[in-house]
Amino acid sequence: MVVSDNALASKVGTAILKNGGNAIDAAVATAFALAVTHPQAGNIGGGGFLVYMNSDGNATTIDFREKAPLLATSDMFLDEDGELIRGSNHYGAKSIGVPGTVAGLYLAHQKYGLLPWKVLVQPSIYLAENGVELSWTLAGHAKSFNASAQPQFLRDYYDNEEGEPTQFGEVWVQKELANTLKLIRDNGKDGFYKGAVASEIAAFMKANGGIITMEDLSKYEAIEREAISGTYKGYEIFSMPPPSSGGVAIIEMLNMVEQANLDTIPFNSTNYVHLLAEVMRRAFADRAEHLGDPDFNLNMPLKRLTSKEFAKMRYNNIDFKHASVSDSSKFGQIYEGENTTHLSVIDKDGNAVSMTYTLEQSYGSGLGSSKLGFIFNNEMGDFNPQPGYTNSGWLIGTDPNIIEPEKRMLSSMSPTIVTKNGKPYLIIGSPGGRTIINTVFQTILNVIEYDMPIERAIEVMKIHHQWLPDELIFEYDLMSPDTQKALEQMGHNLQGRQNLGRLMGILCTSESNVYIGASDSSSPDGAAIGY
Ligand code: DON
């Protein structure tokens with residue numbers, strides 16, 4: 001079974017499974033297909049994380065997060081007075097991190113794949129070369145890009161041969177992307193990081209004020225890292241360690257709620273929302289203080305942050321009648337991106353992949369070379385841009401995530417696998433910037449604690465609190481006005497949002513050996529496909 005943000009990509013993955021591929025093969029092929037069919041987040045110009053668990057319950061992870069280029073500096077987004085040039089870390093060629101996706105998919109395949117690499121890249125070439133029918137969503141993007149101030153590459157991205165935006169239902173062909181993918185098919189990782197593609201990337205950067213060089217590209221390596229793990233009432237949680245903050249925060253939060261007796265706290269009650277908000281507030285404070293790229297932060301207290309004792313201490317400090325105060329002198333909010341994509345895969349033997357990758361914002365930097373046909377990320381915006389300066393608005397300046405050459409920026413992506421009796425049980429993840437951590441956390445609770453079927457666990461009301469700004473965000477048509485009022489009386493600052501999370505999950509029922517997949521209804525083109 002494959003669950004992804006695009007039905008064609010899920011089909012590609014399922015076809016690979018049917019043809020003898022394992023979960024890694026299917027994830028790689030699905031990811032390449034998403035780079036063609038879901039270009040707002042599916043990518044070869046971005047980065048991400050993959051958690052792999054084989055059917056025996058052994059977990060590992062692949063970190064293919066983007067890196068700061070060698071020429072990056074901690075003050076590269078500041079003016080002469082040391083103030084952040086607003087937006088500069090998210091726009092333009094300097095916002096682009098050294099892409100990691102191709103290296104990550106290649107490493108995953110080399111270590112754990114079964115089918116030949118070429119077989120996994122080929123379907124994406126087919127889709128790019130022969131075109132795909134443009135969905136309603138993408139046709140909407142095509143129209144709006146064409147009519148608005150965007151980088152030229154994005155304005156033209158969906159154009160047909162007449163230079164007009166491709167319409168809904170028309171076939172959209174990507175010849176240049178197909179050519180780039182062919183080089184990757186034939187040369188593996190080197191097809192991207194060396195040779196014609198790399199020199200065109202470097203030339204593009206030079207011509208557009210970027211700082212990524214051939215050296216940055218040839219030095220990029222994806223890294224296999226030990227999964228971060230924890231337990232919740234007999235289940236085991238395996239997730240992404242730093243440079244993602246996701247796994248640490250999810251385990252810390254689960255450890256905290258384990259202290260509470262959730263049997264006496266009904267789902268969606270005032271007490272439930274209050275407890276979760278307070279747990280989130282604490283985990284996000286710890287995230288900001290401690291987490292960053294492990295290769296640059298050698299003494300992160302990961303064991304302590306994920307220990308039961310630490311959670312007990314944090315939990316005991318919750319006031320069950322009143323909202324706590326977020327200390328705004330210490331932490332703040334980083335700018336949030338809008339698009340990322342998650343895929344969950346399981347094969348017939350029970351090997352599982354949970355993978356999230358991104359360009360950061362929807363369509364990343366919106367920049368790309370017309371010769372190469374793919375979009376570059378704007379992931380440099382995930383670093384703390386102004387060292388030492390944190391305010392109650394949106395800036396955060398804590399040390400672990402300051403820009404340094406070759407450092408990976410802190411992420412919230414949380415591809416996660418939960419096991420029961422040592423076997424994959426729940427494969428889950430989501431886009432949504434920092435809300436990812438909380439929506440994955442709540443979906444796990446919904447399944448384990450509130451016994452919801454996966455499709456329901458994904459859909460029901462979610463909340464988000466990230467320490468600062470001190471806001472309790474909720475899905476406004478899913479929380480009763482009475483609950484909202486009660487929470488306000490406890491001192492919470494409520495902010496309604498249309499939607500939180502776009503979860504893609506698989507539940508493995510151990511009794512009947514049936515896989516149940518669900519793609520969030522907020523994903524217009526997503527699909528769970530099994531056979
Ligand atoms: O790595 C991160 O946490 C962000 N760049 C992810 C961005 C994101 O999820 C936007 N998606 N909706």
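**Exercise 1. The ligand and its polar partners**

Find how far an oxygen atom of the ligand is from an N or O atom in the side chain of Ser411.

*Solution.* Step one: for Ser411, the distance from a side-chain N or O atom to an oxygen atom of the ligand is 2.7 Å. This fits the cut-off for a polar contact, a pair of N or O atoms within 3.5 Å; within protein, one must be able to donate a hydrogen and the other to accept it, and residues adjacent in sequence count only if both atoms are side-chain atoms. Step two: turn to the nitrogen atoms of the ligand. One is 2.5 Å from an N or O atom in the side chain of Glu360, and a ligand nitrogen is 2.6 Å from an N or O atom in the side chain of Asp382. Step three: consider burial. The ligand taken alone exposes 340 Å², and the protein buries 96% of that (Shrake-Rupley areas with a 1.4 Å probe; for residues, only the protein chains shown count as cover). Step four: list the surroundings. There are 16 residues around the ligand, and Thr340, Glu360, Glu379, Asp382 and Gly433 come nearest (near means that a heavy atom of the residue lies within 4 Å).

Before you go on, please keep in mind that this is a predicted model, in which local features need pLDDT of at least 70 and side-chain atom pairs pLDDT 80 or more, while totals for chains, interfaces and linings use all residues. Residues are numbered from 1 along each chain as its sequence is written, and side-chain values use heavy atoms, leaving out hydrogens and water.

**Exercise 2. Two aromatic pairs**

Classify the ring pair of Phe32 and Trp117, then that of Phe192 and Phe374.

*Solution.* Step one: set the rule. Rings of Phe, Tyr and Trp (its six-membered ring) pair if their centres lie within 6.5 Å; planes under 30 degrees apart are stacked, over 60 edge-to-face, and the rest tilted. The whole structure holds 22 such pairs. Step two: for Phe32 and Trp117 the centres are 5.6 Å apart and the planes stand at 80°, so this pair is edge-to-face. Step three: place both rings. Phe32 belongs to helix α2 (residues 23–37) and Trp117 to helix α4 (residues 117–130), so the pair ties together parts 85 residues apart in sequence (helices, H or I with at least four residues, and strands, E with at least two, are DSSP runs numbered from the N terminus). Phe32 is buried at a relative accessible area of 0%, and Trp117 is buried at 8% (buried is under 20%, exposed over 50%, partly exposed in between, with a 1.4 Å probe and protein chains only). Step four: the rings of Phe192 and Phe374 have centres 5.5 Å apart and planes at 40°, so they are tilted. Phe192 sits in helix α8 (residues 190–193) and Phe374 in the loop between β10 (352–358) and β11 (416–420), 182 residues apart. Both Phe192 and Phe374 are buried.

**Exercise 3. Two asparagines in loops**

Decide whether Asn351 and Asn268 are buried or partly exposed.

*Solution.* Step one: Asn351 has a relative accessible area of 10%, so it is buried. Asn351 is in the loop between β9 (340–346) and β10. A polar atom of the Asn351 side chain lies 2.9 Å from the backbone nitrogen of Ser55. Beyond four places in sequence, Asn351 touches residues including Tyr52, Met53 and Asn54 (contact means heavy atoms within 4.5 Å). Step two: Asn268, at 21%, is partly exposed. Its loop runs between α11 (246–259) and α12 (270–290). Asn268 and Met461 are 193 residues apart along the chain, yet their C-alpha atoms are separated by 7.4 Å.

**Exercise 4. Backbone exceptions**

Identify which peptide bond has omega near 15° and which residue has a positive phi of about 45°.

*Solution.* Step one: recall the background. Most residues other than glycine have a negative phi, and most peptide bonds are trans. Step two: the bond from Pro242 to Pro243 is cis, with omega near 15°. Another cis bond joins Leu468 and Pro469, with omega about 0°. Step three: Lys233 is the residue with phi of about 45°, and it lies in the loop between β7 (228–232) and β8. Asn421 has a positive phi near 50° and is exposed, with a relative accessible area of 71%.
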